[in-house]
Amino acid sequence: MKPPAASLGLRGRLLSAFVLLCVVTAAAVAGVSYGKARNEILQRAQDAAVEAMRERLAALYPLRTDTPGQDELERIAAGLNDTNSTAVAFFRGRRAPGRPARPPGQWRPGRPPLTPDLDRAAIPPRLRETVAGGTMAWQRVTWQDLPVLIIGAPLMIAEPDGTTRNSGIEVYTVHSLLPEQRSIDELALWAWLYGGAALVFAVLLGLAATRGVLRPVRELGRAARLLGEGRLHTRIEVRGSDELADVARTFNDTAAELERHVAQLRAMEADARRFVADVSHELRTPLAALAAVADVLDEEAADLPEPAGRAARLVSQETLNLTQLVNDLIEISRFDSGVAALAVNDVDVAELVRATLRTRGWSEAVETELPAGVSARLDPRRVDVVLANLVGNALRHGEPPVSVRLSADGDSITVDVRDHGPGLDEEVLPHVFDRFYKASAARARSEGSGLGLAIARENARLHGGDLTVANAPDGGAVFTLRLPRTQDQNSAPPPGAPDTAAAPALSAQDASTPQDGSTPSQPGAPRRDASPAPRDADGGSS
C-alpha cells in the first residue's frame, strides 16, 4: 500500500486560497487599470500630435508651386517640424528631411528626444498606400527600438472650380512616444508595487483569518485526542454562535453522553466481575466438601460394581474440574480488580524450568536447552504456572519432540516452548489467549477451564513481559515467554489484598498435578483445551 501523499494542512490550504484570491483580484484590477491608462495616454498623445499636424499643414497653404524643387520640399518639411517630431517630404522620388538627423546617442538629456531621420522604407506599406490615395493617416510603430507615431498626409491643390487634386507631395512626421512610454513604465512599476503590497497585506490578513478559524479546530483536535486517551471529562469552551460554536456544542454533548455510557458500562462490568468473584468464593466451601467426597469415591471406585464405579470416577473427575474452574475464576478476578501482586525473588531461571519439569514428571519427555547462570528477579510461583501450562499443552496437543529453550540478554530473558505438531490454524492464532475461546463451535464442552492461557499471559504481563504464539516455519507451535530480568513491583501485595502468592485453596492435588489452571485426567497427564490434528487451541484454555 502506497503511503499517502504529503499535502498542505488546513492552515496552509486556507492561507493559499486566501492569498490566491487576493492576488488574482489585485492582478485583475491592476491589469485592467493599467490597460485603460495605457490606452488613454497613447490615445491622448496621438490625438494631440494629429491635431498639431493638421494645424501645421494649414499653415503651408497656399502652395507656391505644384512642382516644387528640393529647396521647396525642404521648406515644406521644415514647416512641419516641432520639438518632439521630425518631418520629411517626398515628391516623385525625391526626399527632403525637415532637419538634420541626429543619432539617439547624441540626443540631449532632459528634453524629449528628436527622432532619427526617416526614410521611405521605414514607413509601413499600408500607411504609404493610404496617404498616396489622398487620405491623412497615422500609425504607432517601433522604429530603431523607439516607440514613435508616424503621421502621413498628402498635400492637395485647390482648383478654380472648387475641386481639389493631389499634388503628389507626401509629408510624414515622426512623433516620439518616449515620454508616454516612460509614463506607462512608471505606471507599471507602481502597479507592481501596489500588487506586492496587496500580496503582503493578503498574507497578513490570511494569517489572521486562518488563526481565528483554526483555533477552535485545534482545540477540537486536542479535545478529541484527550477523549481518545480516556479522559472523558474533556470539554471545549463554546465561543459565539457560528458554525464552529455549533460543532463545539455538539462535541460537548457527544462527550457527555459517551462519558455517561462508559460509566454505565464500567459499573456493569464491575458488577459482573464482583458477581463472578462472589460466586466463586461462595462455592469454595461446598466444593471443599465435594473434593473430600471425591477422594473417598476415588478410593472406593475400584471395589464398586459397574456402572457404579464408572459413575464414581466421573463424579470425582468433574468435581476436580469444577474446583479448578472456581480457582481460575478467582485468579482472573484478582487480575481484573488490580489486586494481583508479585512475590519476587532472585531466581536461577534454568533451575526453575528444571524444577517445573521434574515436579510433573516431564523431564524425560521434554528436550531442554538451558544455559547456566541466567538469573532474574521473578515470582517463581507465577512463572511455574506459565511454564507448566505451556509445556503441558505441547505434550498433550503437539507432537514430539517438545523442547524448552532459554535465552537471555542484558535486560530480559526469553523462554521458547515448541512442539512439532500441525501447529495452530491462522484464524485461531489471534484468539489463543482469549478467555473461554473455542476454536470449534461444536466443542461446547472441554476438559480444561478455558482460562489457563489467559492466566498465563496475565502472569507474564504482571511481570512487565508478554506471552506470544506463532507457528514455526517447519511445523509446530512456538509459545514465547519474555520477561524482564528486574522488577519494579513491591514483593508484597497491597494492604488488604488477597495473598496471591499462595496456591489456590481448593486444590487437593499431589506433586504431580500441574499448577496451570487444569486438572489432568490421570496423574501426570496435563491438559489443554485445544483440539488435536489440526491443532486449533481453544483460546484461554489450560
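Let me start with a pairing: strands β4 and β5 run antiparallel to each other and share 10 bridges. This is a predicted model, so everything I say refers to a prediction. Within that pair, Pro154 has Glu170 in β5 as its bridge partner. Leu149 sits opposite His175, again in β5.

On its other flank, β4, residues 146-158, pairs with β3, also in the antiparallel sense, over 7 bridges. Two of the partnerships there: Gln139 is bridged to Ile150 in β4, and Val141 is bridged to Val148 in β4. What links the two strands, β3 and β4? They form a hairpin with 2 residues between them. Gln144, in that turn, has a positive phi of about 55°.

Is β4 largely enclosed or not? Of its 13 residues, 11 are buried, so the rest of the structure largely encloses this strand.

Now the sheet as a whole. It is open, has 5 strands in the order β2-β1-β5-β4-β3, and the pairing is antiparallel. The edges are β2, residues 94-97, and β3, residues 137-143; each has a single partner strand, so one side of each has no neighbour in the sheet. On average, neighbouring strands are turned by 25° against each other, with direction ignored. As a general reminder, strands of a sheet pair through backbone hydrogen bonds, in a parallel or an antiparallel arrangement.

One more pair from this sheet. β1, residues 85-91, and β5, residues 164-176, are joined in the antiparallel sense over 6 bridges. Ala87 has Thr173 in β5 as its bridge partner. Please keep Ala87 in mind, since this residue comes back when I get to the cores.

Next, the other sheet. This one is also open, with 5 strands ordered β7-β9-β10-β12-β11, and its pairing is mixed. Which strands stand at the edges? They are β7, residues 366-369, and β11; each pairs with a single strand, so one side of each is left without a neighbour in the sheet. Here the average turn between neighbouring strands is 15°, again ignoring direction.

Inside this sheet, β9 and β10 run antiparallel and are joined by 6 bridges. Val404 stands opposite Val417 in β10. Just ahead of that, in the loop between α8 and β9, we find Pro401. The peptide bond from Pro400 to Pro401 is cis, with omega near 0°.

That brings me to the nonpolar cores. The largest has 40 residues, and the members touching the most others are Val349, Val432, Phe479 and Leu481. Several elements give two or more residues to this core, among them α7, β8, α9 and the strands β9, β10, β11 and β12. Which element supplies the largest share? It is α8, with 7 residues. There is also a second, separate core of 26 residues, and Ala87, Ile151, Ala153 and Val171 are among its members. So Ala87, the partner of Thr173 in β5, is a member of that second core.

Moving to the helices. The axes of α5, residues 243-301, and α6, residues 308-337, come within 8 Å and cross at roughly 150°. How are the two helices, α5 and α6, oriented to each other? The cut-off for roughly antiparallel is over 145 degrees, and α5 and α6 are therefore roughly antiparallel to each other. Their crossing is left-handed. By class, the contact of α5 with α6 has 15 nonpolar, 7 polar and 5 charged residues.

Last item, a single residue. Phe201 lies in helix α4, residues 178-228. Is Phe201 buried or exposed? It is exposed, with a relative accessible area of 54%. The cut-off for exposed is over 50%. Its C-alpha atom is separated by 9.1 Å from that of Val19, which is 182 residues away along the chain.

To recap: an antiparallel sheet with β2 and β3 at its edges, a mixed sheet with β7 and β11 at its edges, a largest core of 40 residues and a second one of 26, and a left-handed crossing of α5 and α6. That is my part done.

Notes:
Residues are numbered from 1 along each chain as its sequence is written. This is a predicted model: local features need pLDDT of at least 70, side-chain atom pairs count only at pLDDT 80 or more; totals for chains, interfaces and linings use all residues. Side-chain values use heavy atoms; hydrogens and water are left out. A nonpolar core is a set of buried Ala, Val, Leu, Ile, Met, Phe, Trp, Tyr and Cys residues joined through side-chain atoms within 4.5 Å. Buried means under 20% relative accessible area, exposed over 50%, partly exposed in between (1.4 Å probe, protein chains only). Helices (H or I, at least four residues) and strands (E, at least two) are DSSP runs, numbered from the N terminus. Axes are lines fitted to C-alpha atoms, for helices over the stretch in contact, and angles run from 0 to 180 degrees between N-to-C directions. Angles under 35 degrees count as roughly parallel, over 145 as roughly antiparallel, 65 to 115 as roughly perpendicular and the rest as oblique. A crossing is left-handed if the near helix is turned anticlockwise from the far one by less than a right angle, and right-handed if clockwise. Ala, Val, Leu, Ile, Met, Phe, Trp, Tyr, Cys and Pro count as nonpolar, Asp, Glu, Lys and Arg as charged, and the others, Gly among them, as polar. Two strands pair if DSSP finds at least two bridges between them.
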